[in-house]
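Trainee: Could you take me through one part of this protein in detail? I would like a close look at a single helix, with its surroundings and the empty spaces around it.

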Amino acid sequence: MGPGPKPFITLLALALGACATQFGMRDASEKRLTMFSQIVFAPDYDSRRTDYLAKWASPLRITLLGDGAEAQRTPVKSRAKALSELIGLDITLATQNKPANVTIYFAKPEKMDALAGAVMKNRSSIKSALLTNGCASYYDKDAGHRITSASIFVHTGEDVTTLSSCISQQMTHILGMPNNSDLIQPSIFNASVQLLQLTALDLKFVRTLYTPALMPGMARREALLIADGLLQK
């Protein structure tokens, strides 16, 4: 018997290896899509689940209020610049000629009412988040699901790392990715870790959300079909 069968065995091994790789890539892509869906729309079983995509379509102007707010201007400005480059929209500190549509409130939980009571739509939920996570946020949107304003609440009694992590996390959440997911590790969207910067996967999610093909008001099913193709790249 000669060495005849070996080329066939080699080709079969290569084909099986290619299939395994292809299946592995598809499996990873499906996981990314699930993660993206959770942080943008929330899981099916979650009461926060939304069925239409929301994102900003206009510049973000940020103002800071409360204890130690002035000391956070430079870090916030730096994060705003990085996110602006990522999503393709201008994100800067507000000025007299460019009024704020994003407000970051800095206070201890017991003082947050006095500082931001008028805009705290769900006070008990926000106070609970301040005590457990150190921060919270929400955004408002118009009838077309374009985000028009946002509020961020930060517990100033936290240590420097937690404070910085909170600011990074909530500034990302208000872009239209309001939910956390334990599936993503490590990630700015994982509440169990404290990160100061977005991971490579986080960056991919934010870029995907702000691709022009995904438009405010797009139905969840349609948006995920488009996102699926983008997340495979």
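Mentor: Happy to! H5 is mostly covered, with 12 of its 14 residues buried, so let us build the picture around that helix, keeping in mind that this is a predicted model.

To place H5, start with the chain. The protein chain has seven helices and six strands, and from the N terminus its elements follow the order α-β-β-α-β-β-α-α-β-β-α-α-α. Of its 233 residues, 43% are buried. Among contacts between residues at least 6 apart in sequence, 66% join residues at least 24 apart.

Now the helix itself. H5 covers residues 160–173, and its 14 residues reach 20 Å from first C-alpha to last, close to the 20 Å expected at 1.5 Å a residue. At the N-terminal end, Asp159 acts as a cap: one of its side-chain oxygens lies 2.7 Å from the backbone nitrogen of Thr162. Thr162 is also among the buried residues of H5, and the others are Leu163, Ser164, Ser165, Cys166, Ile167, Ser168, Gln169, Gln170, Met171, Thr172 and His173. As a reminder, an α-helix has 3.6 residues a turn, so residues three or four places apart point the same way. The cover over the buried residues of H5 includes strands S2 (60–66), S4 (102–107), S5 (135–141) and S6 (146–155), along with helices H2 (73–87) and H6 (200–209).

Next, the spaces. The largest pocket holds about 900 Å³. Its lining has 35 residues, and Gln170 lies nearest its centre together with Arg48, Ser137, Tyr138 and Pro178. Helix H4 (123–132), S5 and H5 are the elements that give two or more residues to this lining, with S5 giving the most, seven residues. By class, the lining of the largest pocket divides into 16 nonpolar, 15 polar and four charged residues.

The second largest pocket has a volume of about 210 Å³. Here Ser168, Met171 and Thr172 are among the lining residues, as are Ser78, Arg79, Ala82, Leu83 and Leu86. H2 and H5 each supply at least two residues of this lining, and H2 gives the most, with five. The classes in this second lining are seven nonpolar, four polar and one charged.

Met171 also takes part in a closed space. The search of the whole structure finds one cavity of 30 Å³ or more, with about 30 Å³ of space. Met171 lines this cavity along with Leu60, Ile62, Leu83, Ile91, Ile174 and Leu175. That lining is made up of seven nonpolar residues, with no polar and no charged ones. Leu83 is listed in the lining of this cavity and also in that of the second largest pocket.

Finally, a few backbone details elsewhere in the chain. The loop between H5 and H6 contains Pro186, which is joined to Gln185 by a cis peptide bond with omega of about -10 degrees. In the loop between S5 and S6 sits His145, which has a positive phi of about 65 degrees although it is not a glycine. His145 counts as buried at 18% relative accessibility. For context, most residues other than glycine have a negative phi, and most peptide bonds are trans.

Methods
Residues are numbered from 1 along each chain as its sequence is written. This is a predicted model: local features need pLDDT of at least 70, side-chain atom pairs count only at pLDDT 80 or more; totals for chains, interfaces and linings use all residues. Side-chain values use heavy atoms; hydrogens and water are left out. On a 1 Å grid over the protein atoms alone, a cavity is a set of points where a 1.4 Å probe fits but cannot get out, and a pocket is an open set with protein on both sides within 12 Å along at least five of seven lines; lining residues have an atom within 4 Å of a point. Grid points are joined across faces, edges and corners, and a volume is the space filled by probe spheres set on the points. Ala, Val, Leu, Ile, Met, Phe, Trp, Tyr, Cys and Pro count as nonpolar, Asp, Glu, Lys and Arg as charged, and the others, Gly among them, as polar. Helices (H or I, at least four residues) and strands (E, at least two) are DSSP runs, numbered from the N terminus. The expected span of a helix is 1.5 Å times one less than its number of residues. Buried means under 20% relative accessible area, exposed over 50%, partly exposed in between (1.4 Å probe, protein chains only). Contact means heavy atoms within 4.5 Å. A polar contact is a pair of N or O atoms within 3.5 Å; within protein, one must be able to donate a hydrogen and the other to accept it, and residues adjacent in sequence count only if both atoms are side-chain atoms.
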